[in-house]
Amino acid sequence: MYVAVKGGEKAIAAAHRLQEKKRRGPTSQQPLEVAQIAEQLAGATDRVMTEGSVYDKELAALAIKQAGGDLIEAIFLLRAYRTTLPRFAVTEPLQTESMRIERRISAAYKDLPGGQILGPTYDYTHRLLDFTLLAEGGEQAHICSESDDREQPLNNTEIPALSPQVLQILEKLELAVQESDNGESPEDITVTPPAYPANRSARLQQLSRCDEGFLLALGYSTQRGYGRNHPFAGEIRSGQVTLEIIPEELGFAVEIGDIELTECQMINAFTGSKTEKAKFTRGYGISFGFSERKAMSMALVDRSLQHKEYDEEPQGPAQDEEFVLSHGDNVEASGFVSHLKLPHYVDFQSELELIRKLQKEYDEQQSEIIKEGLHDV
């Protein structure tokens, strides 16, 4: 984009070398390994996988390393690589109720069937810097061995093989709206961009790719009066889910692997009507890896965007479908903002010429006013 600048391609090549040097850091330090990023910076890796729409920890970690820790740039890299991948199959719908759970909590039911499983979380930590991490190997004193973890279940109960979802329980009791896709295939926004108004499958796909910070801010706004949304965290669960496909030559489902997911279902109020019983509604969020904040924010915004389905009057920006879905993708947003760095010399010169013309006309008008004033005196 700056080929016309003095130095041309040589200057651009030098800029690339400088960026690579800055990314690498001092050569006196060992370079970061991709495996280290994938395993020790799991939060960053999971976010890049989710918003990059590719479940591959190694590729996400590679993108983070290449981007020097700039997660939006890493998401851009992974999303660009995704376009080169062939699509060879579509999996069967995931059965998250059969998730091999690592963490499962509910703010709605204390005695949740299957139990509350705290799992790994920062929720109960004091937000104090741990300076022992500055010392080589200092963190080892805080880490339990794998055998210790196995001997002490996280909630002192046996983790069940099948844990019913809170919303499924409420549906069976006719206390929650039972949702169905009516046998329709979900939209694929990577093939057909969403049109407005969008159906819920397209909305959920777009929300899953949206920037976490953007969704967090919108979800927060719904809690502060800019949207009719006062939910309970019905259930948040994280763990491994099995993927299945049905090959044409076999005609039956076969397992192809497992992925780690975080799923959130928010319970929201619904007043009902003269023809329908009052029932709870829900907001839904899901993300790759261990990404509770993203899944919760997605669930909040998902419910806000359902205001038309429930004949609710929109009260905030989180309920404006086109605004939310058109501006949440950080790859698109980054590209549009970054394009301002492109040369705009001709455009600016025309603006410069216009403002000089306007200033000249203003000065001439002022001179005429002064002359007329002196003439009257």
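Helices (H or I, at least four residues) and strands (E, at least two) are DSSP runs, numbered from the N terminus. By that scheme, Lys 279 sits in the loop between strand 3 (254-268) and strand 4. The model is a predicted one, so local features need pLDDT of at least 70 and side-chain atom pairs count only at pLDDT 80 or more, while totals for chains, interfaces and linings use all residues. Residues are numbered from 1 along each chain as its sequence is written, and side-chain values use heavy atoms, with hydrogens and water left out.

Lys 279 comes out as partly exposed at 25% relative accessibility (buried is under 20% relative accessible area, exposed over 50%, partly exposed in between; 1.4 Å probe, protein chains only). Its C-alpha atom is 5.9 Å from that of Val 177, although the two residues are 102 apart along the chain. Leaving aside residues up to four places away in sequence, Lys 279 touches Glu 174, Leu 175, Ala 176, Val 177, Ala 269 and Phe 270 (contact means heavy atoms within 4.5 Å).

Turning to the aromatics, the structure holds one aromatic pair. Tyr 55 and Phe 288 meet edge-to-face, at 5.1 Å centre to centre with 70° between the planes (rings of Phe, Tyr and Trp, the last by its six-membered ring, pair if their centres lie within 6.5 Å; planes under 30 degrees apart count as stacked, over 60 as edge-to-face and the rest as tilted). The pair ties together distant parts of the chain, 233 residues apart: Tyr 55 lies in the loop between helix 3 and helix 4, and Phe 288 in strand 4 (residues 281-288). Tyr 55 is partly exposed too, with a relative accessible area of 27%.
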